[in-house]
Amino acid sequence: MPQESTGAPEPQPVLSPLTAAAVFLVLTIEPGGEDAVRDLLGDVTALQRSVGFRTPGGALQVVAAIGSDAWDRLFAGPRPAGLHPFRELEGPRHRAPATAGDLLFHIRANRMDLCFEYTTQVMARLAGAVRVVDEEHGFRYFDERDLIGFVDGTESPSGSAGVKAGIVDPGDDPDFAGGSYVVIQKYLHDLPAWNAISVEEQERVIGRSKLDDIEMPDDVKPVDSHVALNTVTGPDGEEVKIVRANMPFGHASKGEFGTYYIAYAATPDIIELMLVNMFIGRPPGNTDRILDFSTAVTGSLFFAPPAEFLEDPPDPPSGAGQAAVENVSPGNAPAGDGSLGIGSLKG
């Protein structure tokens with residue numbers, strides 16, 4: 001959705017409506033694979049048109065995003081102001097791990113075959129240049145519910161509110177206006193434990209009614225409920241939103257049931273504060289009760305630049321190939337402590 005009123009570059013389709021299917025593909029770049037990745041990123045939109053044209057009405061949309069470490073291997077010049085490695089959270093009872101990820105492809109459509117075909121084309125183009133960290137296939141579950149039975153993403157904004165929440169404003173970071181920060185986490189649910197508690201107790205964990213998806217009044221909603229701890233207000237008291245595109249995933253034969261959490265925001269600070277509230281607690285120790293039933297197993301932060309950035313990117317950094325080879329050892333972590341100063345965070 002273009003920001004016509006501000007003249008900002010056109011974002012990638014981060015504000016697209018939820019679809020029936022999605023593929024979440026996370027990759028790391030192998031040493032020497034930077035040129036192949038740059039070439040593919042320049043063709044993300046063209047490839048979307050080519051694959052999507054074959055199925056009118058399939059609504060294929062693709063967002064490509066880049067991690068902090070990969071950014072300097074791919075592009076010279078300035079960086080997005082808020083881009084940094086995902087900040088691991090170690091709370092009193094729960095942990096949000098940080099996991100590898102140089103590239104994210106969020107591929108969604110009304111049909112899984114379109115998502116699968118696009119993924120196939122990406123992997124053919126990047127053969128030998130990347131390593132697959134994770135690939136999950138998301139699906140619509142009844143009326144936009146997750147696998148624990150509640151409607152997911154009810155408060156995700158759209159329209160102008162979605163632009164404000166999800167897209168970088170020119171006044172905040174002119175070089176990267178029209179971009180969006182992306183945080184992903186995979187959560188695995190303990191369904192036997194969840195189903196062992198009553199519906200009324202499940203509603204207290206979430207902070208909403210299960211059947212009709214109505215948020216509890218503030219004087220009834222538990223302070224450790226998921227909704228309460230994910231409600232964040234700004235200095236003026238107005239609730240601050242993020243754009244959510246979560247989808248269920250799972251492997252029933254393995255007893256694996258999960259939610260793929262994916263959030264877009266104009267700044268990563270808001271998402272990170274929500275995660276601090278969940279894992280560290282607000283106040284500290286008052287952690288999100290959903291974490292007693294859902295375990296985070298991945299965590300990565302990316303930046304999705306505007307579409308025209310991908311099509312006409314900055315020059316590659318000088319000596320990029322050699323730098324990539326030298327910087328792949330585990331000891332060469334990015335400088336800086338990456339601390340928000342809240343609870344126990346690992347940069």
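This report walks through a predicted model of one chain, from its overall make-up to a few individual residues.

## Ground rules

The model is predicted, so local features need pLDDT of at least 70 and side-chain atom pairs count only at pLDDT 80 or more, while totals for chains, interfaces and linings use all residues. Residues are numbered from 1 along each chain as its sequence is written, and side-chain values use heavy atoms, with hydrogens and water left out.

## The chain as a whole

The chain holds 11 helices and 15 strands. Both are DSSP runs numbered from the N terminus: helices are H or I with at least four residues, strands are E with at least two. The chain has 347 residues, and 51% of them count as buried. Here buried means under 20% relative accessible area, exposed means over 50%, and partly exposed is what lies in between, using a 1.4 Å probe and protein chains only.

As for surface, the accessible total is about 15300 Å², with 53% of that belonging to carbon and sulfur atoms. These areas come from the Shrake-Rupley method with a 1.4 Å probe, and for residues only the protein chains shown count as cover. Take the contacts between residues at least 6 apart in sequence: 78% of them join residues at least 24 apart. A contact means heavy atoms within 4.5 Å.

## Helix H2 against helix H4

Two packed helices are described by the angle between their axes and the distance between the axes. For helix H2 (residues 44–52) and helix H4 (residues 112–125), the axes come within 10 Å and cross at roughly 135°. That angle makes H2 oblique to H4. The axes are lines fitted to C-alpha atoms, for helices over the stretch in contact, and angles run from 0 to 180 degrees between N-to-C directions. On that scale, under 35 degrees is roughly parallel, over 145 roughly antiparallel, 65 to 115 roughly perpendicular, and the rest oblique.

H2 passes H4 in a right-handed crossing, meaning the near helix is turned clockwise from the far one by less than a right angle (anticlockwise would be left-handed). On the H2 side the contact uses Val44, Leu47, Gln48, Val51 and Gly52, and on the H4 side Leu114, Glu117, Tyr118, Gln121 and Val122. These residues divide into 6 nonpolar, 3 polar and 1 charged. In this scheme Ala, Val, Leu, Ile, Met, Phe, Trp, Tyr, Cys and Pro are nonpolar, Asp, Glu, Lys and Arg are charged, and the others, Gly among them, are polar.

Glutamine 48, placed in helix H2, counts as buried because its relative accessibility is 15%. Setting aside neighbours within four places in sequence, glutamine 48 is in contact with Pro13, Leu60, Gln61, Val62 and Tyr118.

## Residues that meet across the sequence

Glycine 33 sits in the loop between strand E1 (21–29) and helix H1 (34–42). At 4% relative accessibility, glycine 33 counts as buried. Its C-alpha is 4.1 Å from that of alanine 129, though the two are 96 residues apart along the chain.

Aspartate 102 belongs to the loop between strand E4 (95–96) and strand E5 (103–109), and its 9% relative accessibility makes it buried. Aspartate 102 and aspartate 69 are 33 residues apart in sequence but 6.7 Å apart in space, C-alpha to C-alpha. Not counting residues up to four places away, aspartate 102 touches several others, among them Leu27, Ile29, Asp69, Arg73 and Phe302.

Arginine 244 lies in strand E10 (residues 243–244). Beyond four places in sequence, arginine 244 is in contact with Gly153, Ser156, Asn230, Tyr261, Ile262 and Met274. The C-alpha atoms of arginine 244 and valine 182, 62 residues apart along the chain, are separated by 9.8 Å.

## Backbone spots to check

Arginine 282 and proline 283 are joined by a cis peptide bond, with omega about -5°. Proline 283 is in the loop between helix H9 (268–279) and strand E13 (294–296).

Two residues other than glycine have positive phi values. Phenylalanine 142 has phi near 55° and lies in the loop between strand E6 (130–139) and helix H5 (159–166); at 64% relative accessibility, it counts as exposed. Aspartate 213 has phi of about 60° and is placed in the loop between helix H7 (199–206) and helix H8 (226–229). Aspartate 213 is buried, with a relative accessible area of 14%.
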